[in-house]
Amino acid sequence: MSSRTATAPTSEGTRERSHRRKVAFLGPFASYSHQATKSAFPNQDKWELIPTTTIREVVDEVQASNVDFGVVPFENSTHGTVSFTLDCLADRASTYPNITICGEAYLDVHHFLLGRRKSSLLPNVDQNAKGTPLTSLSHVKRVYSHPQAFGQTAKFFATYLKGVETIEVSSTSKAAELAAADATGSSAAVAGEVAGEMAGLDVLARCIEDREDNTTRFFVLRRRPCSSRSDDGVEQEVQLPEGLPWTTDRAESLLGSPTSGGSPVSLSPRPSSSVSGSYGGRNDDTERIDAYKGLYKSMVSFTVPHHTPGALADVLGCFKRRGLNLTSINSLPSLIAPFQYLFFIEFEGNRWDDPEGRVSGLVGDVEWVEGVAERWRWLGSWLNQRRR
């Protein structure tokens, strides 16, 4: 596990602002993670953004309470899940027992090929053209970038950079720094336009991603304190700061007030012990209940005995019985035995704001089949930033 000395992150800005709360992200500055972090924590007078060199170091910093929050990339709409983040959430070595997901942020990602021009711009080519070289690329011998960026620009490489060496690095901003450091000018990078400007590189091609709707989703992580249980043993939600795009007060504004009048929708935590009936009883204000659909998402992880027929189906059946819509399923090797897997289920609903008792009912269901759902872990609930 890293420490402040081990990771030695450098804070944004030159003045000491000890009053600001700290947020770790995958650096360096100008990386896509940096841009996503600024969107999730927009008031820089309140938040000190601290870059790390790897995703794991972000999680280390959160677990060690060196920072208040961490921002990590989780999945891309073109290239899928970020395996480094999924590996940390799997926590197969029990290194991160207190890590939980509390928010998400989306970033439209447009990749640029950045380097040094060795010839003039190509004639008859619009310099604002997307997905095509603006100058000859014959001098480019190697390209640096993050594995996800290479995966999201495969068509461009197959068309224009066949046979060129590709070198994977920790972030796209780091790739830009390495390309800029090559005095021969034969290195290039796939990175964002801002990273290229900071590194002093030329734009060799713009918007080279395979799809125009290329988007990356980031998770906001925090450390769940050991004291997050009430006197009666029920786990409680920990209060998050207000005024951020992904926190509970934002949900309040999305729900507004019931059309029939009265008080605004309450978003206070509802412990599972207060739920009764098969779905905890339906709230009389059906419009209020409908307003919750798709408002939140949650994630759990678990393993199943692979020699038990239907074990995974039995666990998934718990979600169906409670009317919980699944939004993604991922898996990683469990490391318990070869070719056995740890599953991650993301679904609509919030453990702490659960007017129909569906999510709390799910928790009870899985405890009932705990012989099937092994190593069950609650990974968090958060506001859905792309609510339908």
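Which strand is serine 301 found in?

## Serine 301 in its strand

In this predicted model, serine 301 belongs to strand β12, which spans residues 296–303. The residue counts as buried because its relative accessibility is 3%, where the cut-off for burial is under 20%. Once the neighbours within four places in sequence are set aside, serine 301 is in contact with Leu342, Phe343 and Phe344, and also with Arg375, Trp376, Arg377 and Leu379.

## The chain as a whole

The chain holds 12 helices and 15 strands, and buried residues account for 51% of its 388 residues. About 17900 Å² of the chain is exposed, with carbon and sulfur atoms supplying 50% of that area. When contacts between residues at least 6 apart in sequence are considered, 75% of them join residues at least 24 apart.

## Strands β1 and β2

How many of the residues of strand β2 are buried? In this strand, which covers residues 47–52, 6 of the 6 residues are buried, so β2 is largely enclosed by the rest of the structure. The cover extends to both faces, with Trp47, Leu49 and Pro51 buried on one side, and Glu48, Ile50 and Thr52 buried on the other.

Strand β1 (residues 21–26) pairs with β2 in the parallel sense, over 6 bridges, and within this pairing valine 23 has leucine 49 of β2 as its bridge partner. Between the two strands the chain passes through α2, and the resulting β-α-β crossover is right-handed. The loop between β1 and α2 contains proline 28, which is joined to glycine 27 by a cis peptide bond with omega at about 5 degrees.

## A five-stranded sheet and helix α7

Strands of a sheet pair through backbone hydrogen bonds, in either the parallel or the antiparallel sense. An open sheet of 5 strands runs in the order β8-β7-β9-β6-β10, and its pairing is mixed. Its edge strands, each pairing on one side only, are β8 (165–168) and β10 (202–205), and the twist from one strand to the next averages 35 degrees. Inside this sheet, β7 and β9 pair in the parallel sense over 3 bridges, and valine 143 has alanine 188 in β9 as its bridge partner. Helix α7 packs on the sheet, where it touches β7 and β9, and the direction of the helix makes about 160 degrees with that of β9.

Which residues of helix α7 are buried? In this helix, which runs over residues 172–181, the buried residues are Thr172, Ser173, Ala175, Ala176 and Ala179. Seen down the axis of α7, these buried residues fall within an arc of 155 degrees, so they line one face of the helix. Their cover includes the strands β7 (142–145) and β9 (187–191), together with the helices α2 (32–40), α5 (147–152) and α8 (193–199).

## Two residues in helices

Valine 59 has its place in helix α3, residues 55–63, and is buried, because its relative accessible area is 3%. Not counting residues up to four places away in sequence, valine 59 touches Cys88, Tyr96, Ile99 and Leu221. Valine 59 and glycine 70, which are 11 residues apart in sequence, lie 6.7 Å apart in space, C-alpha to C-alpha.

Glycine 364, in helix α12 (residues 358–368), counts as partly exposed because its relative accessibility is 35%. Its C-alpha atom is separated by 9.5 Å from that of cysteine 318, a residue 46 positions away along the chain.

## Loop residues with positive phi

Where is serine 94 found? Serine 94 is in the loop between α4 (83–90) and β5 (99–108), and its phi is near 55 degrees, a positive value in a residue other than glycine. With a relative accessible area of 57%, serine 94 is exposed.

Leucine 335 likewise is a residue other than glycine with a positive phi, near 65 degrees, and its place is in the loop between β13 (326–333) and β14 (341–348). Is this leucine 335 buried or exposed? Its relative accessible area is 63%, so leucine 335 is exposed, the cut-off for that term being over 50%.

Key:
Residues numbered from 1 in each chain as written. Predicted model: local features only at pLDDT ≥ 70, side-chain atom pairs only at ≥ 80, totals over all residues. Heavy atoms only, no water. Buried < 20%, exposed > 50% of the residue type's maximum accessible area, 1.4 Å probe, protein only. Helix = DSSP H or I, 4+ residues; strand = E, 2+ residues; numbered from the N terminus. Arc of directions from axis to C-beta. Contact = heavy atoms within 4.5 Å. Areas by Shrake-Rupley, 256 points an atom, 1.4 Å probe, with all protein chains shown as cover. Pairing = 2+ DSSP bridges. Right-handed = clockwise from strand over helix to strand, strands pointing away. Axes fitted to C-alpha atoms, helices over the stretch in contact; angles between N-to-C directions.
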